[in-house]
Amino acid sequence: MPQRRSHVAPSAAQTELASALAALRESSDAPVEFSAEVRAEAEASRAAAPELDLRDIPFATLDPKGSRDLDQAFHLERRSGGYTARYAIADVPGFITPGGAVDAEARRRGQTLYAADGSIPLHPRVLSEDRASLLAEVDRPALVWTLALDEIGTVSDFRLERALIRSRAQLDYVSTQAALDRGEDGPWTLLPEVGALRIEQERLRGGASLNLPDEEVIRTEDGAYAIERRRPLPVEEWNAQLSLMTGMAAASLMLDAGVGILRTMPQPDEKSFDAFRHQTEALGRPWTSGDYGEYLRGLDRADPLTLPVLEAASMLFRGAGYVAFDGAAPSATVQAAIGAPYAHATAPLRRLVDRWSLAICLAVSRGEAAPSWARDSLAELPALMQESGQRASRLNSATINAVEAALLTPLVGSTIEATVIELRGERATIQIAEPAVTASAPVPVGANPGEVVRLRVARADISRGEVEFEI
């Protein structure tokens with residue numbers, strides 16, 4: 001899907017939007033500022049002593065441009081019979097004192113929230129964007145996964161160690177994709193090769209990546225807010241495979257040890273599959289054979305009906321949650337979209353649960369018992385993560401709704417064209433091309449997904465994030 005960016009032009013609507021977004025951030029159920037006690041403890045914290053010095057390994061980070069909270073750094077090399085992948089993760093467990101003020105505040109927040117006018121971090125920025133972040137050209141403590149892959153991308157062995165590293169480059173997705181397209185060599189050279197092998201392994205496991213276009217509120221150079229929608233670049237998908245591979249290794253360690261926390265998602269039931277089949281038939285892109293992952297991978301990304309199909313497929317990717325265990329393994333261990341047991345273990349600067357996964361995996365790798373602080377609090381984590389996930393979802397939805405209302409304010413009273421994405425009873429999810437807005441609206445009787453309809457913009461309320469359309 002081509003990149004689309006719709007701007008809210010400097011106007012009274014822009015001013016009202018800025019006020020609405022600031023109010024959303026302040027009312028996000030997460031405190032924006034940290035207490036003096038939390039800030040002081042973060043300032044005084046010191047990293048755990050590293051066991052290895054891996055500063056000779058030329059790690060690099062790969063994130064959205066301008067990121068400061070850098071959780072992961074990678075290094076790939078070819079070896080006899082396959083590859084060695086190293087994935088360094090910010091050593092957040094080494095900085096935080098269990099039961100301390102920073103720990104307590106992180107449990108209250110659950111995850112970093114990203115608002116249009118700034119983030120609300122999980123940890124004080126002195127940690128998340130400075131001393132614990134894997135910034136380039138500075139020595140940093142890290143928890144380093146070393147994974148051996150064979151020639152077809154299967155992980156044959158792995159280990160986790162505490163080490164000192166030094167990232168050589170802070171890469172971003174757009175410029176790295178451009179370098180790959182030009183055939184340039186760099187830290188990214190083997191990423192397409194290893195990423196493609198891991199995607200094939202996902203196919204063999206029966207997993208399926210949805211890869212819906214991203215929808216994000218951004219600030220433009222002139223300070224205006226905009227909604228940007230784009231399909232993930234290939235380099236983002238290859239990079240994501242490194243994280244998924246590491247999360248599967250973490251799940252394996254914890255399952256073998258009989259203690260940990262998994263990210264799970266049930267396989268869709270037959271009712272959901274039947275509904276999805278009917279929707280693909282209505283769209284003229286019927287799913288007639290093979291598993292749903294194979295069908296989704298075979299969609300033509302240039303086909304205008306692919307987006308409605310992917311939107312319909314999103315109902316298959318529901319029910320994700322966390323399962324903590326200590327003793328017997330849980331009955332349900334698989335994350336269905338990945339096709340394997342999986343754990344969140346690669347983003348500890350931004351997500352609370354990863355600190356537990358990493359601390360337990362490090363102990364297991366050393367042949368030690370899981371830390372008592374992690375074990376004692378495991379049962380609390382699913383609820384804490386669910387609450388923070390709901391908070392993040394509410395903030396994201398309200399932010400996008402406010403910006404979309406501002407984008408449509410100048411069009412109130414006019415008629416626009418929109419594509420029907422999904423029917424929901426008497427209403428439909430529609431997509432407007434310009435300005436780029438996705439909304440709920442009534443549609444003419446008989447309209448089908450994929451069709452273009454004409455609607456009148458009846459009302460736009462920026463403060464409430466509400467838009468109304470009329471047929």
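This briefing covers one sheet, several aromatic contacts and one loop residue. The model is predicted. Its sheet is open and has five strands, and a search of the whole structure finds eight aromatic pairs.

**The sheet**
- The strand order is β19-β18-β17-β20-β21, and the pairing is antiparallel.
- β19 (437–442) and β21 (466–470) are at the edges with a single partner strand each, so one side of each has no neighbour in the sheet.
- On average, neighbouring strands of this sheet are turned by 50 degrees against each other, direction ignored.
- β17 (residues 415–424) and β20 (residues 452–461) run antiparallel and are joined by five bridges.
- Thr 415 stands opposite Arg 456 in β20.
- Helix α11 (residues 306–313) packs on the sheet and touches β17 and β18 (427–432). The direction of α11 makes about 40 degrees with that of β17.

**Aromatic rings**
- Phe 273 and Trp 287 have ring centres 5.6 Å apart and planes at 65 degrees, so they form an edge-to-face pair.
- Phe 273 is in helix α9 (residues 270–282) and Trp 287 is in the loop between α9 and α10 (292–297), so the pair ties together parts 14 residues apart in sequence.
- Phe 273 and Trp 287 are both buried.
- Trp 356 and Trp 373 also form an edge-to-face pair, with 5.1 Å centre to centre and 70 degrees between the planes.
- Trp 356 counts as buried because its relative accessibility is 1%, under the 20% cut-off.

**Charges over rings**
- The charged end of Arg 109 sits over the ring of Phe 34, 3.7 Å from its centre.
- Arg 263 lies over the face of Tyr 322, at 4.5 Å from the ring centre.

**A loop residue**
- Glu 137 lies in the loop between α5 (125–131) and β8 (139–150).
- Glu 137 is not a glycine, yet has a positive phi of about 65 degrees.

Note on methods: Residues numbered from 1 in each chain as written. Predicted model: local features only at pLDDT ≥ 70, side-chain atom pairs only at ≥ 80, totals over all residues. Heavy atoms only, no water. Pairing = 2+ DSSP bridges. Helix = DSSP H or I, 4+ residues; strand = E, 2+ residues; numbered from the N terminus. Axes fitted to C-alpha atoms, helices over the stretch in contact; angles between N-to-C directions. Contact = heavy atoms within 4.5 Å. Phe/Tyr/Trp six-rings, centres within 6.5 Å; stacked < 30°, edge-to-face > 60°. Buried < 20%, exposed > 50% of the residue type's maximum accessible area, 1.4 Å probe, protein only. Lys NZ or Arg CZ within 6 Å of the ring centre and 35° of its normal.
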